[in-house]
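Biologist: Thanks for sitting down with me over this one. Could you show me the model, and then we can talk it through?

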Amino acid sequence: MIALVGKGVTFDTGGYCLKPRDSMIDMKTDMAGAAAVLGAMEAIGELRPEQNVLAVIPATDNMISGESFKPDDVITSLSGKTIEVRNTDAEGRLILADAVTYAKQHGASYIIDVATLTGGVIVALGTDKTGAMTNNEALFEQLLEASGDRRIHLAAADYRKRPRAGAKQQNRRFKQFSGARRARHYGRSVHRRIRRRHAMGAFGYRRYSHDKERQRPRPGRGDGVMVRTLAAFVERFE
C-alpha cells in the first residue's frame, strides 16, 4: 500500500519561538502539503488506479495559547519515542513523525510525505524547484518520471553514525545543520524502522513552474505540481 502524507499546519506563528513579522506572512500556506495530498486523492479517485492508497493528513495550527507546547517540554510521539522540544517553530517534523507512524500502523509499504518543512530548501534551491530526500533511489526515479518537471534531489545524511550525546547536547549540535536534514533525522529517529520502508520526503513551496507544456499559473501563486506528480506516480506505480 502507498501512503501519501501531507503536512497540514493551517497557520504557523512559530509558537512561543515566535517568528519575526515578515516571516509570518504567507504562513497560511503551511498546509500546502496537505492540500497537495487532498488534491491528489481527488484525482486518484477519478483515475481509479489498481493501487491501494492511504492519505494521512496531520492537521493543526501552531499558535500561542495556554495549551501550546513550550521549549524544554518533553513529549511522547505516537511511536512511543520521547522528544525534547528546543524550538516550537519546528512543529512540522513532529506531526509528520506521528503521521508516518500512523501510516506504518495501517500497513503502508511505501510512504511519500509532502511538506513546506523548511525555508532552507527555498534558500538553497529557489522558488521554482522542489527538494526531495529518499532512502530508495528506484522510488525516487519513479516519482521523478511522474513529475515531468525539474526537481532537485537533496543529500540524505545519516546522523545515526555520529557519536551519541545527551538530549541538550544533541539539540545544540544540530543547530549547525540545515533544517531539512535535521527534520529527516528526527523522522528516522522517532520511528527508527522507517529506514526499512521505501520512503521519500518532498520539501519546499514552489511559486511557479518551468514546465512550458502546461499552462502557467499566475505569478506568485503555487502551481499544484505535487498534485499532478502524486496522482501520476500512483497511476504508473510498478
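Here is our chat about the fold, its salt bridges and two surface spots.

Biologist: Happy to start broad. How many helices and strands does the protein chain have?
Modeller: Keep in mind that this is a predicted model. Of the 238 residues, 45% count as buried. Among contacts between residues at least 6 apart in sequence, 71% join residues at least 24 apart. As for secondary structure, the chain has eight helices and ten strands.

Biologist: Let's turn to the charged pairs. How many residues apart in sequence are the parts that Glu91 and Lys7 tie together?
Modeller: The side chains of Glu91 and Lys7 form a salt bridge, 3.6 Å from N to O. Glu91 belongs to helix α3 and Lys7 to the loop between β1 and β2, so the pair ties together parts of the chain whose separation in sequence is 84 residues.

Biologist: And in the salt bridge of Asp89 with Lys19, is Lys19 buried or exposed?
Modeller: The closest N and O atoms of Asp89 and Lys19 are 3.0 Å apart. This pair links the loop between β6 and α3, where Asp89 sits, with the loop between β2 and α1, where Lys19 sits. Asp89 has 25% relative accessibility and counts as partly exposed. The relative accessible area of Lys19 is 14%, and the cut-off for buried is under 20%, so Lys19 is buried.

Biologist: Which residue meets Arg86 in a salt bridge?
Modeller: Arg86 lies in the loop between β6 and α3, and its partner lies in the loop between β4 and β5. Arg86 is partly exposed at 31% relative accessibility, and the partner is partly exposed too, at 47%. With 2.8 Å from N to O, the side chain that meets Arg86 is that of Asp72.

Biologist: Now for the surface. Which residues gather in a patch of negative charge?
Modeller: A good place to look is helix α5, residues 137–147, which holds Glu141. Glu141 is partly exposed, with a relative accessible area of 45%. The patch on the surface is made up of Glu137, Glu141, Glu145 and Glu238.

Biologist: One last spot, then. Which residues does Met41 touch, leaving aside residues up to four places away in sequence?
Modeller: Met41 is part of helix α2, residues 32–47, and at 27% relative accessibility it counts as partly exposed. One of its contacts is 37 residues away in sequence, with 8.8 Å between the C-alpha atoms. The residues that Met41 touches are Leu4, Val53 and Ala55.

Technical notes: Residues are numbered from 1 along each chain as its sequence is written. This is a predicted model: local features need pLDDT of at least 70, side-chain atom pairs count only at pLDDT 80 or more; totals for chains, interfaces and linings use all residues. Side-chain values use heavy atoms; hydrogens and water are left out. Helices (H or I, at least four residues) and strands (E, at least two) are DSSP runs, numbered from the N terminus. Buried means under 20% relative accessible area, exposed over 50%, partly exposed in between (1.4 Å probe, protein chains only). Contact means heavy atoms within 4.5 Å. Patches are made of residues with over 30% relative accessible area and no salt bridge: like charges are joined within 9 Å, nonpolar side chains (Val, Leu, Ile, Met, Phe, Trp, Tyr) within 5 Å. Accessible areas come from the Shrake-Rupley method with a 1.4 Å probe; for residues, only the protein chains shown count as cover. A salt bridge is a side-chain nitrogen of Lys or Arg within 4 Å of a carboxyl oxygen of Asp or Glu. Lys and Arg count as positive and Asp and Glu as negative; His and the chain ends are not counted. The place of a charge is taken as NZ of Lys, CZ of Arg, CG of Asp or CD of Glu.
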